[in-house]
Amino acid sequence: MTGMLLRRLRDLVIILVIVGTMMFFVIRLIPGDPAQALLGPTARPADVAALRSSMGLDGSLWQQYLTWAGHVLRGDFGTSITYHQPVLSVVASHIVPTLTLAVLSTVISFFLSVAITAWQAVSPRNPVARALDRLSSLGMAMPDFWISLVLVLVFSVTLRWFPSSGYHDLLTDPVAAVPALVLPVTVLVIGQTALFVLTLRESVLGELPLAYLRTARVKGLPERRVMLKHVLPNALMPLVTQLGSNFAMLVGGIVIIESIFVVPGLGHLLMGAVSTRDFPLIQGVTLFVAVLFVVVNLLVDLSYALLDPKVRVA
């Protein structure tokens, strides 16, 4: 276990160096000058040059990189050009909405996928279970933006059941937060549940031919108990892997959902940073997502040790 933790810490450092370096040079390819964008097209060249100097953009590209890397090593990720606040403070103020959407949708999708797969395994000829199986493939095929627009049209514009946009903190104002979260969480749940059901179903099919199940049936165990007690627990390992990687990608990739439903999360923040050429903020958000990806994968590895004693022994 200690060795695994040390390896993950090593991976974290390597990933941060690679991602940070790549993003530093890639975002410099974005057309336009951040100083010019802030001051406007009518700004005097002297004012633009002074602002570029204060932002650390007047040196060569390698000088800028070494300066930025030195500040990052000291825990200083710079100051946002747009918000005029430390990057870490800006990221911290926008992470709660994104984590709320990601955690709620992932937890709901996990339990839904387990319940649907268990139903399909216990009652494979049930017409409702078979219909849900077909809908899983359909859910994978439908893009999130299209589902979002359909839900807004039906439940916000036509029925007026839920608001089409806005966000309220779930802990401070749950009464206002829950209706605003229903539609964006539903969009994320549809896609994730479809993916998890397909992953878990393939894992279950891989378990069915194994010898230990034939032994359980020979002993006279009911098929329902064989499925729920033996097959599903052993088939969860691939789903745990999918759960971890999907959650990390979800945090960094729900830009469309946050834009459609006007949720002030990391995706919305990153879109604004790109449009205003806020280089420090783009780098800060990217590094945060990279750290989250490694941490989530570490938690997945630790969960393996809890679910599979063989991993714990190894």
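The end C-alpha atoms of residues 175–198 lie 34 Å apart, and this span is 100% helix and 0% strand. Helices here are DSSP runs of H or I with at least four residues, strands are E runs of at least two, and both are numbered from the N terminus. Welcome to a predicted model, in which local features need pLDDT of at least 70, side-chain atom pairs count only at pLDDT 80 or more, and totals for chains, interfaces and linings use all residues. Residues are numbered from 1 along each chain as its sequence is written, and side-chain values use heavy atoms, with hydrogens and water left out.

**The whole chain**

- The secondary structure comes to 14 helices and zero strands.
- Reading along the sequence, you meet the pattern α-α-α-α-α-α-α-α-α-α-α-α-α-α.
- Of the 314 residues in the chain, 37% count as buried; buried means under 20% relative accessible area, exposed means over 50%, and partly exposed lies in between (1.4 Å probe, protein chains only).

**What the record says**

- An unreviewed UniProt entry carries the annotation "transmembrane region" for residues 12–30, 99–122, 143–163, 175–198, 247–269 and 281–307.
- UniProt positions are given in the numbering used here, feature names are shortened, and annotations may be inferred rather than shown by experiment.
- One of these annotated stretches is residues 143–163, where the chain is 71% helix and 0% strand, with end C-alpha atoms 21 Å apart.

**A walk along helix 7**

- Does the span of helix 7 match or miss what its 15 residues should give at 1.5 Å a residue? The expected value is 21 Å and the end C-alpha atoms are 20 Å apart, which agrees; the expected span is 1.5 Å times one less than the number of residues.
- A kink of about 30° is centred on Val-152 in helix 7, where the bend at a residue is the angle between axes fitted to the seven residues ending there and the seven starting there.
- Val-152 is also one of the buried residues of helix 7, along with Ile-147, Ser-148, Leu-151 and Ser-156.
- Val-150, also in helix 7, is partly exposed because its relative accessible area is 31%.
- Phe-155 belongs to helix 7 too, and with a relative accessible area of 24% it is partly exposed.
- Just after helix 7, Arg-160 takes a positive phi of about 55°.

**A nonpolar patch on the surface**

- Phe-145, Trp-146, Leu-149, Val-150, Leu-153, Val-154, Val-157, Leu-159, Trp-161 and Ile-256 make a nonpolar surface patch of about 960 Å².
- Which helix gives the largest share of the nonpolar patch? That is helix 7 (residues 144–158), with seven residues.
- Patches are made of residues with over 30% relative accessible area and no salt bridge; like charges are joined within 9 Å, and nonpolar side chains (Val, Leu, Ile, Met, Phe, Trp, Tyr) within 5 Å.
- A salt bridge is a side-chain nitrogen of Lys or Arg within 4 Å of a carboxyl oxygen of Asp or Glu.
- Accessible areas come from the Shrake-Rupley method with a 1.4 Å probe, and for residues only the protein chains shown count as cover.

**Pairs separated along the sequence**

- Phe-155 and Leu-183 are 28 residues apart in sequence, and their C-alpha atoms are 8.4 Å apart in space.
- Ala-180 sits in helix 8 and counts as buried because its relative accessibility is 9%.
- The C-alpha atoms of Ala-180 and Pro-163 are separated by 5.7 Å, with their positions 17 residues apart along the chain.
- Leu-205 is another residue of helix 8 (residues 174–207), and its relative accessible area of 47% makes it partly exposed.
- From Leu-205 to Val-231, 26 residues apart in sequence, the C-alpha to C-alpha distance is 9.2 Å.
- Gly-20 lies in helix 1 (residues 2–27); is Gly-20 buried or exposed? Its relative accessible area is 3%, so Gly-20 is buried.
- Gly-20 and Trp-68 are 48 residues apart along the chain, and their C-alpha atoms are separated by 9.9 Å.

**Positive phi values in loops**

- His-84 is found in the loop between helix 4 (61–73) and helix 5 (87–122).
- Phi of His-84 is near 55°, a positive value in a residue other than glycine, and with 64% relative accessible area His-84 is exposed.
- Val-262 is in the loop between helix 11 (255–260) and helix 12 (266–275).
- Val-262, likewise a residue other than glycine, has a positive phi near 50°, and its relative accessible area of 43% makes it partly exposed.
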